[in-house]
Amino acid sequence: MTKLSEAYKPIQARSIPKAPLNVKFDTLKKIMSYKRAKYCLAFLFLIVIIGVFAPILAPYNPNKLFYDALLQPPSKEHLLGTDAIGRDTLSRLIYGVRVTLSVSVFALGITFVAGTFIGLICAYIGGVVDNILMRIMDILLALPSIILALAIVAILGPSLTNAMLAVGIASIPGFARLIRGAALTIKSSGYVEASRSIGSSHSWILRRQFLPNVTGVLIVYTTLFIGVAILDTAALSFIGLGAQPPTSEWGTMLSEGKDYLYEAWWLATFPGLAITAVVFSVNFLGDALRDVFDPKSKG
Amino acid sequence: MTTSLLQVRDLEKRFRAQKSFFQAKQYVHAVNGVSLELNDKETIGIVGESGCGKSTTGRCLLRLIEPTKGEILFQGRDITKLSKVEMNKLRKEIQMVFQDPMESMNPKLTIREILSEPLIAHKIPKAQHVELIVKTLDLVGLSEKHLFRYPHEFSGGQRQRIGIARAIILRPKIVVLDEPVSALDVSVQSQILNLLQDLQEELGLSYIFISHDLGVVQHIVHRIGVMYLGEMVEIGEKEKIFDKPLHPYTQALISAIPKSDPDEVKERIILTGELPSPSNPPSGCKFHPRCMYATDTCRSAKPEMREVEGRKVACHLYN
């Protein structure tokens, strides 16, 4: 131990280390050690790239009509064939990535912000507030999220924006409940009590003590939620309540394709495969993340 | 004696123990009429077995648990009547060190962030933060090279040093130490105890030292209070109590301290029976079912605190 008198010598006389650049690649490395997760991450990255560069990558304008090529099977000119009014399926599929991505980000944003907020508030305040909010969440949870989303779209009117909104709102209860559960364990921890004994403000405690410790749960469930969001929006579009034609959205394409299932199998197959592949990889990634953040769930 | 820094009068904490909505209201008296005084630069030890309410007492002093009744006078001001905002300001003067340093520190924050928390909470200008943190780290025997490490990178003793640093960084008047060394190895315990004593001298701190280990308490405290089932049974100068414990419970506790000299003849008082449930405490003197001197008076009447041989004791034996 330094002598106490020495401890008060001018601080300038000594070098205070600067904060190291605390970029942590540990988590990423761990994720990469899961083979499945690695491929899924690569695939999703590819999807994002396709979405961003859609105008360059797509062979045609997605809404361009080829009157001389209606319901064409896959060929050299149209790699994935054309639909009943002569639009190129591949181009529509590529532009569909954009819609799918923006839908998931938008819906995710709503769920993430509102769910985290409600969950944390419920856990932190507790008592009556917790009871009232959580009972409302319970009522909403009792309905399948797609039914809830249907109801919301029915009220707001069918459009892609409303579908995103509906999917986002419908997933808040589940998310809030998860965050509340995670936050409750933190609330009873020693460091929150220590914070209170120090006299920290509520917002500080929530931001600095709760948030860093729920990030693991947050990341895992947001990832898993992306899959649900994509699926639900596609479902809403499929039944005509989401993206409206001629928007090239995968659910809408699937819905249009189902009428020609016997004559033109490619119309429904490729959008279906695309949805499946993306949701699959998102879910696999989510599972791997769960293992990374919670070593106990391994096995 | 001049006016004390901290005066606790008849502190009481009841917890509601209601098993179902239809049941009659039941209460557990965790702390029942505890009074104590703490002077400047003094250490008072609160000892007792687990469940006797010593930690609850400590937490009540900081209003981490709201006391049900009683007064806590800090420099003459009753802190139980302060608003939450005023109380938060006053927390600068009364800080706490917790038992398990791993538990009491957020594993996701660096030492620098952990130690800035009190500074941010009490609005110390940001320019002074680093200097204060490094000085405080020096005081507890750590250095600036530890600033950006995480709690799990430290040993138990170092971690408790950080816990102490966090408590003293605001230069409080009183530090409540809740079993600060019971999670540590014996060799590390003595280092931490020495550190606490050095800090007391250097910074003029007053300690409330909560522990179940009389051997540890003997080292560091000036006065000692023995608690049993939420009540103070004996309180006074350390020397007097260790030389001649009066309350039968204190006698039993002191006889249980291991002696270093194997030849020393010692009489070990073995208490029989279990610690009664605080939700259904015995009548009269709460200690009577386990006391070897118990009489009929003990079973019916509650003993009052009395001044006996230079200390206060609550026992019918000394009427």
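Here is a short chat about how chains A and B are described in this predicted model.

Reader: What makes chain B as compact as a globular protein of its length?

Author: Chain B comes to ten helices and twelve strands. Its radius of gyration is 21 Å, and the globule rule gives 20 Å for 319 residues; the two are close, so chain B counts as compact as a globular protein of that length. The C-alpha trace spans about 65 × 60 × 45 Å along the principal axes.

Reader: How many of the residues in chain B are buried, as a percentage?

Author: Buried residues are 42% of the 319 in chain B. To get that label, a residue needs 20 or more other C-beta atoms within 10 Å of its own. As for the contacts with a separation of 6 or more, 65% link residues 24 or more positions apart.

Reader: What makes β10 of chain B mostly covered?

Author: Strand β10(B) covers residues 231-237, and six of its seven residues are buried.

Reader: How do you know which strands β10(B) pairs with?

Author: Pairing takes at least two bridges. Strand β9(B), residues 223-228, shares six bridges with β10(B) in the antiparallel sense. Strand β12(B), residues 311-313, shares three with β10(B), also antiparallel. Both counts meet the cut-off of at least two, so both are pairings. B:I235 shows up in each: its bridge partner on β9(B) is B:G225, and it stands opposite B:K312 in β12(B). The hairpin of β9(B) and β10(B) has two residues between the strands, and there B:L229 takes a positive phi near 45°.

Reader: Why are β2 and β5 of chain B called edge strands?

Author: They belong to an open sheet of four strands, in the order β2-β1-β4-β5, with antiparallel pairing. Strands β2 (27-38) and β5 (77-78) each pair on one side only, and that is what the term asks for. For β2(B), the partner is β1(B), residues 6-16, with nine bridges in the antiparallel sense. One of the bridge pairs there is B:F15 with B:V28.

Reader: How do you know where the largest nonpolar core lies relative to the domains of chain B?

Author: The assignment gives domain 1 (6-93 + 172-318) and domain 2 (102-165). Both give residues to the core, so it lies between them. This core has 155 residues, and those with the most contacts inside it are A:A229, B:V175, B:V176, B:I208, B:F209 and B:V233. Its largest share, 16 residues, comes from α10(A). Setting aside residues up to four places away in sequence, A:A229 touches A:V103, A:S104, A:A107, A:L108 and A:V167.

Reader: What do the two domains of chain B put into their contact?

Author: Nine residues come from domain 1 and nine from domain 2. On the domain 1 side, they divide into seven nonpolar, one polar and one charged. The domain centres, taken over C-alpha atoms, are separated by 30 Å.

Reader: What makes up the contact of chain A with chain B?

Author: It takes 28 residues from chain A and 33 from chain B, where contact asks for C-beta atoms within 7 Å. On the chain A side, α9 (190-198) and α10 (202-238) each supply at least two residues. The largest share, eight residues, comes from α9(A). By type, the chain A side divides into 14 nonpolar, ten polar and four charged.

How values were computed. Residues numbered from 1 in each chain as written. Chains lettered and ligands numbered in written order. Predicted model: local features only at pLDDT ≥ 70, side-chain atom pairs only at ≥ 80, totals over all residues. Nonpolar A, V, L, I, M, F, W, Y, C, P; charged D, E, K, R; others polar. Rg over C-alpha atoms; globule rule 2.2 N^0.38 Å. Buried ≥ 20, exposed ≤ 12 C-beta atoms within 10 Å, placed from the backbone. Core = buried A, V, L, I, M, F, W, Y, C linked by C-beta atoms within 7 Å. Domains from an automatic or database assignment.
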